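Grab a pencil and work through these exercises with the model open beside you. Each one sets a task and then walks through the solution.

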Amino acid sequence: MQLRLAVFASGGGSNFRAILENSRSYEVVLCVSNRASAGALTIAKEHDTPACVVNPKEFANKADYVQELLGVLRQHGVNFIALAGYLCKIPGAVVSEYSNRILNIHPALLPDFGGKGFYGMRVHEAVLRAGVPMTGATVHFVDEEYDTGPILVQARVPVMPGDTAQQLATRVLREEHVLYPKALSLVASGRVTVSGRKVTIHPAT
Ligand code: GRF
């Protein structure tokens with residue numbers, strides 16, 4: 001499938017940058033943020049990538065918000081969405097319209113350390129508290145809940161003795177920047193199918 005990708009980002013946007021700068025097999029056609037001050041918007045500008053702010057809090061009701069979101073996606077011919085540090089829940093109507101065509105990246109090895117409340121530094125703090133020797137990053141398809149959709153790929157990252165949450169976050173983020181563009185390239189190659197919760201990566205021919 002020729003991917004025309006929208007990247008949704010609320011924060012610094014380092015994953016967005018990695019996705020943009022490795023976009024050989026897919027095209028990034030839009031950046032969407034809920035925050036006018038998101039770093040991702042500056043990165044979009046630097047790369048001449050169209051960007052817009054759609055803030056759910058600025059709409060009188062959910063239906064108007066959904067209509068605006070779907071409107072900008074259609075207007076830019078978006079056929080696939082990558083969430084990269086996007087902190088708003090994707091409305092059910094958008095998940096349905098883009099069924100199995102939305103990916104998210106999470107900075108831990110799902111299904112552990114995921115779900116509501118597990119975002120940002122909280123994820124890494126929980127990993128350290130649990131004392132596990134291994135963490136990582138997960139790219140998964142998005143369903144209507146937080147971090148529960150079918151898993152596409154994961155990268156493992158060791159927890160080092162004496163790690164702070166910040167050190168761990170930095171080590172995981174470095175892997176995210178490799179993993180996410182790879183995951184998107186896999187989808188773009190047409191080798192990925194999703195059936196229920198099962199993701200299959202077919203061999204290259
Ligand atoms: C990443 O750790 C990602 O896994 C999580 O939010 C963070 C976003 O970082 N969902 P950035 O904005 O891409 O730098």
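## Exercise 1: a serine in a strand

S33 is part of strand 2 (residues 27-33), where helices (H or I, at least four residues) and strands (E, at least two) are DSSP runs numbered from the N terminus. Before you start: this is a predicted model, where local features need pLDDT of at least 70, side-chain atom pairs count only at pLDDT 80 or more, and totals for chains, interfaces and linings use all residues. Residues are numbered from 1 along each chain as its sequence is written, and side-chain values use heavy atoms, with hydrogens and water left out.

**Task.** Decide whether S33 is buried or exposed, and find which backbone oxygen lies 2.7 Å from a polar atom of its side chain.

**Solution.**
- Step 1: S33 counts as buried because its relative accessibility is 0%. Buried means under 20% relative accessible area, exposed over 50%, partly exposed in between (1.4 Å probe, protein chains only).
- Step 2: The partner is the backbone oxygen of A9, 2.7 Å from a polar side-chain atom of S33.

## Exercise 2: the ligand site

**Task.** Work out which residues surround the ligand and which of its atoms lies 2.6 Å from a polar side-chain atom of E176.

**Solution.**
- Step 1: The ligand is surrounded by G11, G12, G13, S14, N15, G85, I105, H106, P107, L173 and E176; near here means a heavy atom within 4 Å.
- Step 2: A polar backbone atom of G13 is 2.8 Å from an oxygen atom of the ligand, and a polar backbone atom of N15 is also 2.8 Å from a ligand oxygen.
- Step 3: For E176, a polar side-chain atom lies 2.6 Å from an oxygen atom of the ligand.
- Step 4: The elements giving two or more residues to the shell are helix 1 (14-21), strand 5 (102-106) and helix 6 (165-188).

## Exercise 3: backbone oddities

**Task.** Find what is unusual in the backbone at N100, at D147 and between L110 and P111.

**Solution.**
- Step 1: Recall that most residues other than glycine have a negative phi, and most peptide bonds are trans.
- Step 2: N100 has a positive phi, near 55 degrees. It sits in the loop between helix 4 (92-97) and strand 5, and N100 is partly exposed, at 35% relative accessible area.
- Step 3: D147 has a positive phi too, near 65 degrees. Its loop runs between strand 6 (134-141) and strand 7 (151-158), and D147 is buried, at 13%.
- Step 4: The L110 to P111 peptide bond is cis, with omega near 10 degrees; P111 is in the loop between strand 5 and helix 5 (121-130).

Methods:
A polar contact is a pair of N or O atoms within 3.5 Å; within protein, one must be able to donate a hydrogen and the other to accept it, and residues adjacent in sequence count only if both atoms are side-chain atoms.
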